[in-house]
Amino acid sequence: MKTRIADLARPDLTDLEPYVVKDVPHKIKLDANENPFDMPEQIRKLIAEEVGKHSFNRYPDPAAMALRELLAAELDVSADQLAIGNGSDELINYIIAAFGGGKVIFSSPTFSIYGIFAKVWGTEVVDVPLSADFHIKPDDIISAANAGGRSVVFICYPNNPTGNCFSQQAILDIIERSNAIVVVDEAYHEFAGETFLPQLEQYENLVILRTFSKAFGLAGLRTGYMIAGRRIIREIMKVKMVYNINSLSQKIALILLEHKDEVFPYVEKILRERDRLTQRLDGLNKITPFPTDANFILFRMESDAEAVFSALLENGILIRDLNKPGLLENCLRVTVGKPEENDAFLDTLRDFYEQR
Ligand SMILES: *Cc1c(COP(=O)(O)O)cnc(C)c1O
């Protein structure tokens, strides 16, 4: 029997491209919104101690109870209002696994993972694009959500890649008036300070996503969490991979939480650098940085976005090229790095224009 794999694969996934992260040589990495600072030495030491005595032969706690209990105390919710994911990406997958099959609604440009998993689960995607000034359109989202069938709405807050927080009232309208699970993705919460956590008690359809990947600097260990009502968490637990978070990640996330006071000075530092970087970009001719609440800055060039991206890469600086026709025409995104990294970035930009 000779069958082509293409004939055995799901036809609705024919056009889905595998997510690839291009491996281009670079020295300074400002493309993925990671924390640029190394972990404090004293925390590294505690992790080394843990590795020294860790029971690698045992399966992890499938409920990640120790981590959930500490998070619950931190957030003033109960442990059964929490689920832990192998990165919040995995939780996005679970939300669509549990509540998909109808529609997944989001507003582009936004985080690409919502659309990818919608497709994987064969769920219809409804894109209600942002306005030209990067705001959501609550009425359009609500009509899409209430058009019949099940819906999940994803709202990225602050939004990646535009960097802004949408109007709180607009989001509240969506939570209140749409017959849908409404996911507020707060991956950059620690930089923005804004949150819908206080609304959780009032709205049963609200889900909040957080992660250790950004402010906590644990992107490599893949740990994220969701906060929601018990009924939602119960549905997530049905579809969750049993041992989804490895035991070491659970422990290290715990250690970081216990020492969050030593991690947070880095957030302050990143915020100061963000303001400096924004001001300097604003001072450059032909570049408009957009206001941001996160640890990255979207900026628009009058022209030459491609040439600028290449010039940066030639100097070993990798940022994110988002330039395509539409709302992000001529736009690039830079993650706030260490001061010397940001300087190298700014110097290259300045040289680029001086040479013309
Ligand atoms: C980075 C990011 C995440 C976090 O992903 P992890 O899987 O937790 O690393 C989630 N949502 C958005 C919008 C992000 O930018």
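In this predicted model, a polar side-chain atom of Asp185 is placed 2.7 Å from a nitrogen atom of the ligand. Two further residues approach the ligand through oxygen atoms of the latter: an N or O atom in the side chain of Tyr188 is 2.7 Å from one oxygen atom of the ligand, and a polar side-chain atom of Asn160 lies 2.9 Å from an oxygen atom of the ligand. On its own, the ligand has 390 Å² of accessible area, and the protein covers 94% of this area.

The surroundings of the ligand comprise 13 residues, of which Ser88, Asp185, Thr211, Ser213 and Lys214 come nearest. Asp185 is thus one of the residues that come nearest, and the polar side-chain atom described above for its contact with a ligand nitrogen atom belongs to it as well. When the shell around the ligand is divided by class, it is found to hold 4 nonpolar, 5 polar and 4 charged residues.

Asn160, whose side chain lies 2.9 Å from a ligand oxygen atom through a polar atom, is also joined to Pro161 by a cis peptide bond, with omega at about 20°. Pro161 is located in the loop between strand 5 and helix 7, and Pro158 is likewise found in the loop between strand 5 (151-156) and helix 7 (168-177). The peptide bond that leads from Tyr157 to Pro158 is cis, its omega being near 0°. Most peptide bonds are trans, and most residues other than glycine have a negative phi. With regard to phi, Ala64 is not a glycine and nevertheless has a positive value of about 50°; the position of Ala64 is in the loop between helix 2 and helix 3 (65-75).

The packing of helices was examined next. Two packed helices are described by the angle between their axes and the distance between the axes. For helix 4 (residues 88-99) and helix 5 (residues 113-120), the axes come within 9 Å and cross at roughly 40°, which means that helix 4 is oblique to helix 5. The crossing of these helices, 4 and 5, is right-handed.

A second pair is formed by helix 2 (residues 41-53) and helix 10 (residues 247-258), whose axes come within 10 Å and cross at roughly 150°. Helix 2 and helix 10 therefore run roughly antiparallel to each other, and the crossing of helix 2 and helix 10 is right-handed.

Note on methods: Residues numbered from 1 in each chain as written. Predicted model: local features only at pLDDT ≥ 70, side-chain atom pairs only at ≥ 80, totals over all residues. Heavy atoms only, no water. Near = heavy atom within 4 Å. Polar contact = N/O pair within 3.5 Å; in protein donor to acceptor, adjacent residues only side chain to side chain. Areas by Shrake-Rupley, 256 points an atom, 1.4 Å probe, with all protein chains shown as cover. Nonpolar A, V, L, I, M, F, W, Y, C, P; charged D, E, K, R; others polar. Axes fitted to C-alpha atoms, helices over the stretch in contact; angles between N-to-C directions. Helix = DSSP H or I, 4+ residues; strand = E, 2+ residues; numbered from the N terminus. Parallel < 35°, antiparallel > 145°, perpendicular 65-115°, else oblique. Left-handed = near helix turned anticlockwise from the far one by under 90°.
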